[in-house]
Amino acid sequence: MTRPTPTSSESQVHPLPAPQESRVLDTDVGAIIGALTLVVVGLWSRHGGVTSLGDSAAKTYTSLAQLTGLLCSEAGLLGLILITRTPLMERRYGLDRMFNWHRLLGEAMAIFLALHIAFGVAAWAIPGGTMNAIQSLTGEEPYMALTSVGSVIVLLVTISSLKWFRNKLSYEMWYFVHLTAYFGLAASFSHQIVLGTDFADDSLARGFWVAIHVALVAWIIWSRWGRFFVALARPLRVSAVTHEAQGITSVVLSGAHLRKAKAQGGQFYLVRQLVKGRWWQSNPFSLSAQPTTAGLRFTVKSRGESSNAFTNIALGTRVIVEGPYGVCTPDVVNSEKVLLVGGGIGIGPVMSFLEQLTPQHEPIVLYRVSSEQEMSQVKGIEGLATARNGSVQTLVGPRATLKVADPFSADALLKAVPDLAQRVVIVAGPESMVKAVQRGARAAGVPVENIHAERAWW
Ligand SMILES: Cc1cc2nc3c(=O)[nH]c(=O)nc-3n(C[C@H](O)[C@H](O)[C@H](O)COP(=O)(O)OP(=O)(O)OC[C@H]3O[C@@H](n4cnc5c(N)ncnc54)[C@H](O)[C@@H]3O)c2cc1C
């Protein structure tokens, strides 16, 4: 196993402290969502939304169009807050959950948008017919042409994020389509302010609405670009590259500012290689050793362009990292015994996690790979486990060649780890394996709150 090269003397190298725990509570998040919903529904009601319901058909449809429009904006605002990756929330929920909630809010936004359009057209169609309504709402009314373009973009982005479509697109293609949502949202903002009764005739409400949007835009610019420039000003450099197994390489990144960094085993960073053609793209890679002031180690499998470039990166290359992210860290374990399951390249986070455990955790590592050639750093993992009163079991070979149909069924897991129900289970690897382990562990009696994994967000 390659260890980061100490800067001057061994005594100067020490593990990085853990990032501060978030003090955000579920109730805080609930209160913010509740307050915003109350403001939105309150605005609608204050401007005659409730009294219009059940009045004439036109007034009812207009009222419903206003309510669904406001709820659409609220879902958009909440979704955008999540992609600021604010450490306050990330430390509590993890980036994977935040991205998944962002996706759900995007879907909710698209549903409200579709309803908003339908009610709007229904209301305008009453005096002059549907075609006239569509004509007015897509061009004749002020800012509606721009809004129509924005709405189409938002709907397309949501459709492109549905699993079926997403699986057909490359990550980059999906990501850049996704970025156009910012334009879509900005384009539809003006009609909210100048049309309808909610903001056009109420300066207090208008001031509030504009203020929260401006604040959010500033927050996003800082969190996405501000942090990027801070990281750019103090890049790390590749200090060691070690070939571990077929297509698998460990890369250590070092730099002076790591002395002030905080991170824990089990976490991951978004890694951006500052080389021609790659600087614009960042990829998530997990720490594969306990992070220290001497370096951050990542073990990467060559799967496509970025990971291939990273596994072949030259010593000294500048790399910037954003993070650390992830809440599947040794913090989730108290004094319980631990089962760590690593599949394929998922063994990286398992190793950094294992390194931070103590003998009281008696860690058992289940290492699943589909071929001998893929096995990486087995001696190192055995050394770490043995030093902590633990052991390693490997499961090698394609699924069809295994003795059992499901190596992660409750029976199979209990055979390998008889005291499973008393353990905390940590799992990292391909999504299908993570799900199989979660299922098997639950069936074997492990409480859900004792099973931890990083969820796939793509
Ligand atoms: C939290 C997390 C931790 C990870 N840790 C490791 C690790 O320690 N070692 C390792 O080898 N791999 C890890 N991965 C997977 C790694 O990020 C992808 O293999 C890598 O980004 C592939 O990019 P590519 O250009 O080489 O391949 P591509 O051919 O572009 O992508 C291959 C697949 O990787 C996924 N992917 C690509 N880009 C991204 C991205 N920016 N964000 C999320 N997923 C993406 C997509 O599913 C894609 O289909 C991790 C992924 C996540 C989500």
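## A first tour of this predicted protein model

Pro324 sits in strand β6, which covers residues 318-325. Welcome to the structure around that residue: this is a predicted model, and its protein has 458 residues, of which 40% count as buried. Its secondary structure comes to 15 helices and 11 strands. The points below begin with that proline and then go through the sheets, the cores, the ligand and two loop residues.

**A special bond in β6**

- Gly323 and Pro324 are joined by a cis peptide bond, with an omega of about 5 degrees.
- Strand β6 belongs to an open sheet of 6 strands, which is described under the antiparallel sheet below.

**Overall picture**

- Taken along the principal axes, the C-alpha atoms of the protein fill a box of roughly 80 × 50 × 40 Å.
- Among contacts between residues at least 6 apart in sequence, 73% join residues that are at least 24 apart.

**The antiparallel sheet**

- Following this open sheet across, you meet its 6 strands in the order β4-β3-β6-β1-β2-β5, and the pairing is antiparallel.
- β4 and β5 stand at the edges with a single partner strand each, so one side of each has no neighbour in the sheet.
- On average, neighbouring strands here are turned by 40 degrees against each other, direction ignored.
- Strand β3 (residues 268-273) runs antiparallel to β4, and 4 bridges join the two.
- To find this pairing in the model, look for Tyr269, which stands opposite Phe285 in β4.

**The parallel sheet**

- Another open sheet has 5 strands in the order β9-β8-β7-β10-β11, with parallel pairing.
- Its edges are β9 (391-396) and β11 (451-453); each has a single partner strand, so one side of each is left without a neighbour in the sheet.
- In this sheet, neighbouring strands are turned by 15 degrees against each other on average, direction ignored.
- Strand β7 (residues 337-343) pairs with strand β10 (residues 423-428) in the parallel sense over 6 bridges, and Val338 stands opposite Val424 in β10.
- β7 also runs parallel to β8, with 5 bridges joining them; the bridge partner of Val341 is Leu366 in β8.
- Helix α13 (residues 378-386) lies across β8 (364-369) and β9, and its direction is at about 150 degrees to that of β9.

**A closer look at β8**

- How many residues of β8 are buried? The count is 6 of the 6, so β8 is largely enclosed by the rest of the structure.
- Ile364, Leu366 and Arg368 point one way from the strand, while Val365, Tyr367 and Val369 point the other way; all are buried.

**Nonpolar cores**

- In soluble globular proteins, nonpolar side chains tend to be buried together.
- Here, the largest nonpolar core has 70 residues.
- The residues with the most contacts inside that core are Val321, Leu339, Leu340, Leu354, Val365, Val425 and Val437.
- Leu340 shows what this looks like: leaving aside residues up to four places away in sequence, Leu340 touches Val350, Phe353, Leu354, Pro363, Val365 and Ile426.
- A second, separate core has 25 residues, including Leu43, Ala75, Ile117 and Ile153.

**Around the ligand**

- Which residues are closest to the ligand? They are Asn283, Ser286, Gly304, Ser306 and Ser307, out of 21 residues that surround it.
- The elements giving two or more residues to this shell are β4 (283-286), β5 (296-301) and α11 (305-311).
- Two of these elements, β4 and β5, are also the edge strands of the antiparallel sheet.
- By type, the shell divides into 9 nonpolar, 8 polar and 4 charged residues.

**Two loop residues to notice**

- Arg85 has a positive phi of about 55 degrees although it is not a glycine.
- You will find Arg85 in the loop between α3 (57-82) and α4 (87-93).
- Is Arg85 buried or partly exposed? With 18 other C-beta atoms within 10 Å, and 20 needed for a residue to count as buried, Arg85 is partly exposed.
- Asn389 has a positive phi too, of about 65 degrees, and is not a glycine.
- The place of Asn389 is the loop between α13 and β9.
- Asn389 is partly exposed, with 14 other C-beta atoms within 10 Å.

Methods:
Residues are numbered from 1 along each chain as its sequence is written. A residue is near a molecule or strand if its C-beta atom, placed from the backbone, lies within 6 Å of it. Ala, Val, Leu, Ile, Met, Phe, Trp, Tyr, Cys and Pro count as nonpolar, Asp, Glu, Lys and Arg as charged, and the others, Gly among them, as polar. A nonpolar core is a set of buried Ala, Val, Leu, Ile, Met, Phe, Trp, Tyr and Cys residues joined through C-beta atoms within 7 Å. A residue is buried if 20 or more other C-beta atoms lie within 10 Å of its own, exposed if 12 or fewer, and partly exposed in between; C-beta atoms are placed from the backbone. Two residues are in contact if their C-beta atoms, placed from the backbone, lie within 7 Å. Two strands pair if DSSP finds at least two bridges between them. Axes are lines fitted to C-alpha atoms, for helices over the stretch in contact, and angles run from 0 to 180 degrees between N-to-C directions.
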